[in-house]
Amino acid sequence: MPRGSTAQAPKGPAATAHERELLSQALARHLPDVPAEVPGGSASALLPILHHVQDALGFVPQPLVPEIAAALNLSRAEVHGVITYYHHFRSAPAGRHVVQICQAEACRANGAEALMAHASARLACAPGSTRADGAVTLEPVYCLGLCATGPSAMVDGQVRARVSAATVDGWAARFESTT
Ligand code: FES
């Protein structure tokens, strides 16, 4: 199959026309960066392509996994493994509000585990999931660069330091008033 082709039919749910077009754009942009003579070189385009898709859609649709794999001469398991290894990538759309609480070492030393438990209870959302009503996604992340002022979090794209249970309660009240 020519490099960058997405012609191979995937098994399972089919990608939408928009998703296929997006993947074609990602392949056109990122595959030429990889010399064809480099063994396994096209695999190095996987991360940029996943970022391209997620930046546009907010997640990497499952039907695109076999198409990405075919285009890069990878197995589906390899593509799926990368998506699930990196916490940044999502396999499903996020909620209307996204709360990410750092669980790396420095923040854990400042109560990040208890803060995550409080957030999970207050937001009625298990860590690593999206609430059934689609209002909130709660995720662990591993370092936001505010290690000296933890516990740290990112809420709807804004980084916050010295987050407390009361801070979380404020987010919950705000989410409830806007959903
Ligand atoms: S360890 Fe939490 S921001 Fe770095």
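**Exercise 1. The cover of H2**

Find which helices are among those that cover the buried residues of H2.

*Solution.* The cover of the buried residues of H2 includes helix H1 (17-30), helix H3 (64-72) and helix H4 (76-85). Before going on, let us settle how to read the model. This is a predicted model, in which local features need pLDDT of at least 70 and side-chain atom pairs count only at pLDDT 80 or more, while totals for chains, interfaces and linings use all residues. Residue numbers start from 1 along each chain, following its sequence as written.

Helices (H or I, at least four residues) and strands (E, at least two) are DSSP runs, numbered from the N terminus. A residue is buried if 20 or more other C-beta atoms lie within 10 Å of its own, exposed if 12 or fewer, and partly exposed in between, with C-beta atoms placed from the backbone. Two residues are in contact if their C-beta atoms, also placed from the backbone, lie within 7 Å.

Now look at H2 itself.

- Step 1: Ile49, Leu50 and Val53 of H2 are buried.
- Step 2: They sit on the same side of H2, because they cover an arc of only 100° around the axis. The arc is that of the directions from the helix axis to the C-beta atoms.
- Step 3: After H2 comes Gly58, which has a positive phi, near 90°.

**Exercise 2. Checking helix lengths**

Work out why the end-to-end distance of helix H2 (residues 46-57) agrees with its number of residues, then do likewise for H1.

*Solution.* The expected span of a helix is 1.5 Å times one less than its number of residues.

- Step 1: The twelve residues of H2 should therefore span 16 Å, and its end C-alpha atoms are indeed 16 Å apart.
- Step 2: For the 14 residues of H1 the expected span is 20 Å, which agrees with end C-alpha atoms that are 20 Å apart.
- Step 3: In H1, the buried residues are Leu22, Leu23, Ala26, Leu27 and His30. Seen down the axis, they fall within an arc of 135°, so they line one face of H1.
- Step 4: Ala17, His18, Glu21 and Ala28 are exposed on the other side of H1.
- Step 5: The partners against which the buried residues of H1 pack are H2 and H3.

**Exercise 3. Where H3 meets H4**

Describe how the axes of H3 and H4 cross, and say which residues make the contact.

*Solution.*

- Step 1: The two axes come within 8 Å and cross at roughly 115°. Axes are lines fitted to C-alpha atoms, for helices over the stretch in contact, and angles run from 0 to 180 degrees between N-to-C directions.
- Step 2: H3 and H4 make a right-handed crossing. A crossing is left-handed if the near helix is turned anticlockwise from the far one by less than a right angle, and right-handed if clockwise.
- Step 3: H3 brings Val65, Pro66, Ile68 and Ala69 to the contact, and H4 brings Arg76, Glu78, Val79 and His80.
- Step 4: These residues divide into five nonpolar, one polar and two charged. Here Ala, Val, Leu, Ile, Met, Phe, Trp, Tyr, Cys and Pro count as nonpolar, Asp, Glu, Lys and Arg as charged, and the others, Gly among them, as polar.

**Exercise 4. Phe89 and Ser152**

Is Phe89 buried, exposed or partly exposed, and what about Ser152?

*Solution.*

- Step 1: Phe89 lies in the loop between H4 and strand S1 (97-102). Phe89 is partly exposed, because 16 other C-beta atoms are within 10 Å.
- Step 2: Leaving out residues up to four places away in sequence, Phe89 touches Leu50, Gln54, Val60 and Ile83.
- Step 3: Ser152 is in the loop between S3 and S4. Ser152 counts as buried because it has 26 C-beta neighbours inside 10 Å.
- Step 4: Beyond its neighbours within four places in sequence, the contacts of Ser152 include Cys102, Leu144 and Val159.

**Exercise 5. Backbone details**

Find which residues are joined by a cis peptide bond, and what the sign of phi is at Asp156 and Arg162.

*Solution.*

- Step 1: The cis bond joins Gly150 and Pro151, with omega about 0°. Pro151 belongs to the loop between strand S3 (136-141) and strand S4 (153-155).
- Step 2: Asp156 is not a glycine, yet its phi is positive, about 50°. Look for Asp156 in the loop between S4 and strand S5 (158-160).
- Step 3: Arg162 also has a positive phi, near 50°. Its place is the loop between S5 and helix H7 (165-178).
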